[in-house]
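Subject: Structure for your review

Dear colleague,

Please find below the structure that I am handing over to you. My findings follow it.

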Amino acid sequence: MNQPLPTLKVALLGCGVVGTEVARLLTEQADDLALRVGARLELAGIAVRRVGHRRSATIDRSLLTADPHALATRPDVDIVVEVIGGIEPARSLLLAALKGGKPVVTANKALLAENGAEIYGAAREYGADLYYEASVAGAIPLLRPLRESLAGDTVHRVLGIVNGTTNFILDRMDSSGAGFAESLEEAQALGYAEADPTADVEGFDAAAKAAILASLAFHTPVTAADVHREGITEVTATDILSARALGRVVKLLAICERCAGIGPGGVSVRVHPAMIPRSHPLASVSEAYNAVFVEAESAGRLMFYGAGAGGTPTASAVLGDIVAVARNRLAGTRGPDASTYAGLPVMPMGETLTRYHVSLDVDDKPGVLAPVAEAYARHDVSIEAVRQASRGAEAQLIIVTHTARDAALAATVRELEALPVVRAVASVMRVEGEEE
């Protein structure tokens, strides 16, 4: 018990919001971490773009360097932590570290979603750990349960809210009646949205996370390009009110699911706004929180909920991975690889089974419903519910379908747009959750 503990040196690449918190926690919790790991974790250096930039008082400026490659490949470095983000130089730095046999911890969802196969392959080839819990859903322990705890089970579906910015915006639109632009402004003022919110509101961030989740859940390589993506910029206050009238709420969902078919079938991976019942557990996820449902054959339905972003929550996930790879390093072992043995095809969005909520502006006269219903019938789409409201010479017709192929539903909408009785297709949104 009185023997001095060995030291493991950690190279930190990046010192933004997350990197600053990682450095702080490594320093402030050094004694506790040493006892948990069985070795002291010591920062060997912190790579930044501008060494002279003003930083938190918790950062030891003597550790700063503008040469991330030299730091990541230093012979005395035991663990490399990457929180730079983006594709380059992160990709080159991680590959260089892995080729040197150094375990890597990263929070880089964009890199893993685009170049995951290359990064995983390098880790496998050079016998190095690759951990990335912080890349999806911040502090929520989600990836390790998929990769390890459910390794003996068959996951059928992963569905959830994985972007806090869009959830905050949609929550505000629902609770206050505000429009998209006003809610986005509030999110930016509170620091939940970037000055350029494109990655969040257009669904790119959620799509990258969906690719990572699908790859782990279905043992199949999935990239961000495979994910059908729609953002929330077209969601209107009217859509929110329509959902409320149906006892539903609008959320941006990441949906990854196995699809039946010939042989082992395939997988569907998509990100888009959808109406879900207010009774669904995801409906109550408010503000910038994340929540993910995992449905497995033996384990049943599991829900993971918590802070999906922010410096301290994300740093918590990074620290957890650092502890794991440090323990592996001391034991001379590696953590499990991301298995891609299944190699299931990613199904096109048109083959995915879903439901539509369609709002039509139509002439307010007898016989309008007949041609509309015939359009649905021609594409083998069954109607679940119809609601009509008169507005002078015009009426609003809201139709919710039963489950059908997305291609058939989209074709139905195109035919509706051409009908003489339809003045406009006001909105189209998918519906998820149990049919009522």
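A salt bridge is taken here as a side-chain nitrogen of Lys or Arg within 4 Å of a carboxyl oxygen of Asp or Glu. Please note that this is a predicted model. By this rule, the count of salt bridges is 32.

**Salt bridges**

K9 and D76 form one such pair, with their closest N and O atoms 3.5 Å apart. The partners come from distant parts of the chain: K9 is in strand β1 (residues 7–13), whereas D76 is in the loop between α3 (68–72) and β4 (79–82), and 67 residues separate them. K9 counts as partly exposed, at 26% relative accessibility, and D76 likewise counts as partly exposed, at 31%. Both residues also belong to a network of salt bridges that links K9, E42, R74 and D76.

A second pair joins D321 to R144, where the closest N and O atoms are 2.4 Å apart. D321 lies in helix α12 (residues 311–331) and R144 in helix α6, so this salt bridge ties together parts of the chain that are 177 residues apart in sequence. How accessible is D321, buried or exposed? D321 has a relative accessible area of 2% and is therefore buried. Its partner R144, with a relative accessible area of 26%, is partly exposed.

In a third pair, the side chains of R423 and D363 meet at 2.7 Å, N to O. Here strand β17 (residues 422–431) supplies R423 and strand β13 (residues 353–363) supplies D363, which links positions 60 residues apart. R423 is partly exposed, with a relative accessible area of 48%, while D363 counts as buried at 16%.

**Surroundings of A139**

A139 is located in the loop between β6 (130–131) and α6 (143–149). With a relative accessible area of 30%, A139 is partly exposed. Although A139 and S316 are 177 residues apart in sequence, their C-alpha atoms are 5.9 Å apart in space. Leaving aside residues up to four places away in sequence, A139 touches A307, P313, T314 and A317.

**Cysteines**

A disulfide is a covalent bond between the sulfur atoms of two cysteines. How many disulfides are there in this model? The count comes to zero. For C259, the closest cysteine sulfur is that of C256, at 11 Å; this is too far for a bond, because a disulfide requires the two sulfur atoms to be within 2.5 Å. C259 counts as buried, at 17% relative accessibility. C15 also counts as buried, at 11%.

**Packing of helices α13 and α14**

Helix α13 (residues 369–378) and helix α14 (residues 406–418) have axes that come within 9 Å and cross at roughly 150 degrees. Angles over 145 degrees count as roughly antiparallel, and α13 and α14 are therefore roughly antiparallel to each other. Their crossing is right-handed. On the α13 side, the contact is made by V372, A375, Y376 and R378, and on the α14 side by T412, E415 and L416.

**Points to inspect**

When you open the model, you may wish to begin with the following places:

- the salt bridge between D321 and R144, which joins helix α12 to helix α6;
- the network formed by K9, E42, R74 and D76;
- the contacts of A139 with A307, P313, T314 and A317;
- the right-handed crossing of α13 and α14.

Yours sincerely

Conventions:
Residues numbered from 1 in each chain as written. Predicted model: local features only at pLDDT ≥ 70, side-chain atom pairs only at ≥ 80, totals over all residues. Heavy atoms only, no water. Helix = DSSP H or I, 4+ residues; strand = E, 2+ residues; numbered from the N terminus. Buried < 20%, exposed > 50% of the residue type's maximum accessible area, 1.4 Å probe, protein only. Contact = heavy atoms within 4.5 Å. Axes fitted to C-alpha atoms, helices over the stretch in contact; angles between N-to-C directions. Parallel < 35°, antiparallel > 145°, perpendicular 65-115°, else oblique. Left-handed = near helix turned anticlockwise from the far one by under 90°.
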